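Please consider the following chain as a whole before turning to its individual residues. The explanation proceeds from the division of the chain to selected local features.

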Amino acid sequence: MSRVYKFILPTVKTELSRIRQLASIIPDPELRKQALASIQTKEFHCQGGSVYAAANLSQRHVLIPLIVAFQTISDYLDNLCDRSTSMDADDFRLIHQSMLDAVIPDREPADYYALRTEKEDGGYLLGLVNQCRMCIRALPGYSAAQPYLVDLVGLYIDLQVYKHIKPELREPALLAWRQKHQARAPHLHWNEFAAATGSTLGMFMLFLSACDPDLDDAGASMVHQAYFPHVCGLHIMLDYLIDQAEDRLGGDLNFCSYYENDSETLTRIEMIAASARQDIKVLPVSSFHRMIIEGLLALYLSDPKVGQHMEIKEVSRRLMRRSPLTRLFFWANSRWIRKFL
């Protein structure tokens, strides 16, 4: 946490300030509005993701700009789809092509806005893609990590397409997609698998791993399997847990709403958390990844939204019961960061 306070958070703030300035001059008013809103309301995504740079401070000048740019693309596109003037699957897939272009640095970028009314972003999205590409070229082990990043980004894009189409089409599309990938984590419910594909944490861990010039296919595969699906699934299920009331009001799809009751919600999230703790044991310096897991629980369960709704508060209280000291430490830090930074 001393590294986070001293090096990570100030650099994230500087990066986001620079990106915010670029967002503020986007010509199209709707694109400008969504770009600025994504930075204002989702800054903690970049702060949390950039914690991975604390594991290799010598490469923070590469990792933080890369993670912030990539996460900003994700948050911006999520806003464009959530509050979209379109419900066209082809449009959603095309704008998300930017995330694949960001991790495949030699590919010709697409015309991301070709299928939507709003087009003039002044080079904002392509600029974020190019920032990712520039940073990636400085990662000596990236060639080993790239296939696994492409896999995770591809799953992420599928999710974003299917969860944002017309409401009556969403669940059938997601169920058919899950059936296609049934061999991957067959013990997970369809909503849990879908949630796992919505996390960027596995991607950030692969960026960190690619700092190692000796990273090979076996090492990259190990990272991929250690993070997907359980660490990634825990991340997004916690996100959905605290957003249930908000999503009900907005008519947005929420993967926690598919559980029958609070007891099932608690049991399944506890199972995913336990599996995540087991998975990361194969990784070098597994204590770092254990801290990530406890930090996730602390970050989300300390969110102010938890106290505003009784059903969320009860599940959160039970998840925090008998917490280890590490989680309590991160819980206190998460509250402090939200209040003062």
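The paragraphs below treat the domains, several residues in helices, a pocket, and the backbone in three loops.

The model is predicted. Its chain is divided into domain 1, residues 1-138, and domain 2, residues 140-340. Taken over C-alpha atoms, the centres of domain 1 and domain 2 are separated by 20 Å. The contact between them draws on 33 residues from domain 1 and 36 residues from domain 2. About 3200 Å² of area is buried between domain 1 and domain 2, and carbon and sulfur atoms give 72% of this area. On the side of domain 1, the residues that lose the most area to domain 2 are Y52, M87 and R93, which together make up 22% of what that side buries.

R93 appears again in the surroundings of V161. This valine lies in helix α7, which spans residues 142-164. Apart from residues up to four places away in sequence, V161 touches A89, F92 and R93. V161 counts as buried because its relative accessibility is 2%, and the limit for that class is under 20%. The C-alpha atoms of V161 and V223 are 26 Å apart, although 62 residues separate the two along the chain.

F44 offers another view of how distant parts of the sequence are placed in space. It is located in helix α3, residues 43-49. Residues up to four places away in sequence being set aside, F44 touches L299 and Y300. F44 and I337 are 293 residues apart in sequence, while their C-alpha atoms are 9.5 Å apart in space. Is F44 buried, exposed or partly exposed? With a relative accessibility of 28%, F44 counts as partly exposed, because this class lies between the limits of 20% and 50%.

A further helical residue is R268, in helix α14 (residues 262-279). Neighbours within four places in sequence left aside, R268 is in contact with H187, L188, H189, E192 and Y259. Its relative accessibility is 15%, so R268 counts as buried.

Attention now turns to empty space in the model. The second largest pocket holds about 340 Å³ of space. Of the 17 residues that line this pocket, M205, L208, S209, P284 and H289 are the closest to its centre. Which elements give two or more residues to the lining of the second largest pocket? They are α10 (201-209), α11 (217-227) and α15 (286-301). By residue class, the lining of the second largest pocket comprises ten nonpolar, four polar and three charged residues.

The backbone also deserves inspection in the loops. V285 is placed in the loop between α14 and α15. Phi of V285 is near 50°, a positive value in a residue other than glycine. V285 is classed as exposed because its relative accessible area is 62%. A185, for its part, is found in the loop between α8 (167-180) and α9 (190-197). Phi of A185 is near 55°, again a positive value in a residue other than glycine. A185 counts as buried because its relative accessibility is 13%.

The last backbone feature concerns a proline. P229 lies in the loop between α11 and α12 (230-242). The peptide bond that leads from F228 to P229 is cis, with omega near 15°.

How values were computed: Residues are numbered from 1 along each chain as its sequence is written. This is a predicted model: local features need pLDDT of at least 70, side-chain atom pairs count only at pLDDT 80 or more; totals for chains, interfaces and linings use all residues. Side-chain values use heavy atoms; hydrogens and water are left out. On a 1 Å grid over the protein atoms alone, a cavity is a set of points where a 1.4 Å probe fits but cannot get out, and a pocket is an open set with protein on both sides within 12 Å along at least five of seven lines; lining residues have an atom within 4 Å of a point. Grid points are joined across faces, edges and corners, and a volume is the space filled by probe spheres set on the points. Helices (H or I, at least four residues) and strands (E, at least two) are DSSP runs, numbered from the N terminus. Ala, Val, Leu, Ile, Met, Phe, Trp, Tyr, Cys and Pro count as nonpolar, Asp, Glu, Lys and Arg as charged, and the others, Gly among them, as polar. Buried means under 20% relative accessible area, exposed over 50%, partly exposed in between (1.4 Å probe, protein chains only). Contact means heavy atoms within 4.5 Å. Domain bounds come from an automatic or database domain assignment. Buried area is the accessible area (1.4 Å probe) that two parts lose on being put together, summed over both.
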